[in-house]
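User: I am learning how structural terms are applied, and I would like to see the reasoning behind a few of them. Could you take me through some examples?

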Amino acid sequence: MLDNEDLYCKMFIDFNDEIARADILIARLAHGTIKYAWGLIETKIAELDVRKNDDFKTPQELRSKDPEDAFLFWKYYIDIEPKEGTSSQAYISMISQLLLDLWAQGVDAVAACSFEDQLPKKHKL
């Protein structure tokens, strides 16, 4: 069982539209609402904050980078933290579903967290 200190998750998303559109997509997929104009999304389980990645690189700039680490340079990431009183099982389940829903929408996403082994893996065909 993880405690709340171990439940922080940073999810990188390869989404090429504006950040406001990313906020709308994430809020819809996570069944949340955008709480503030700058994009804090609140769900029953967690708070999600979509942010611009200061390390963003275009695909052309990434050609020389290791493809395994390319996600670190995607345009946006989401800081995700559980709300107080949320069980780790419900929180991890929500993140798992968000990954699956993003992939189903054609948006690549990678979660970096201490419980990655409990999350679904995207299989390349």
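The questions below concern two helices, a buried residue and a sheet.

Analyst: Please keep in mind that this is a predicted model.

User: What makes α1 oblique to α3?

Analyst: Helix α1 (residues 19–29) and helix α3 (residues 88–104) pack at an angle of about 125 degrees, and their axes are 10 Å apart. Angles of 65 to 115 count as roughly perpendicular and those over 145 as roughly antiparallel, so α1 is oblique to α3. On the α1 side the contact is made by Leu25, Ile26 and Leu29, and on the α3 side by Leu98, Asp101 and Leu102. By class, this contact has five nonpolar residues, no polar ones and one charged residue.

User: How do you know whether Asp23 is buried or exposed?

Analyst: Asp23, which is found in helix α1, has a relative accessible area of 5%. Buried means under 20%, and therefore Asp23 is called buried. Among the residues that Asp23 touches are Trp38, Ile41 and Val50; in the case of Ile41, the two residues are 18 apart in sequence and 7.5 Å apart in space, C-alpha to C-alpha.

User: Why do β2 and β6 stand at the edges of the sheet?

Analyst: The open sheet is formed by six strands in the order β2-β3-β4-β5-β1-β6, with antiparallel pairing. Strands β2 (33–34) and β6 (108–113) each have a single partner strand, so one side of each is left without a neighbour in the sheet.

User: What makes β4 and β5 a pair?

Analyst: Two strands pair if at least two bridges are found between them, and strands β4 (residues 46–52) and β5 (residues 76–82) have seven bridges, in the antiparallel sense.

Technical notes. Residues are numbered from 1 along each chain as its sequence is written. This is a predicted model: local features need pLDDT of at least 70, side-chain atom pairs count only at pLDDT 80 or more; totals for chains, interfaces and linings use all residues. Side-chain values use heavy atoms; hydrogens and water are left out. Axes are lines fitted to C-alpha atoms, for helices over the stretch in contact, and angles run from 0 to 180 degrees between N-to-C directions. Helices (H or I, at least four residues) and strands (E, at least two) are DSSP runs, numbered from the N terminus. Angles under 35 degrees count as roughly parallel, over 145 as roughly antiparallel, 65 to 115 as roughly perpendicular and the rest as oblique. Contact means heavy atoms within 4.5 Å. Ala, Val, Leu, Ile, Met, Phe, Trp, Tyr, Cys and Pro count as nonpolar, Asp, Glu, Lys and Arg as charged, and the others, Gly among them, as polar. Buried means under 20% relative accessible area, exposed over 50%, partly exposed in between (1.4 Å probe, protein chains only). Lists of a residue's contacts leave out its neighbours within four places in sequence.
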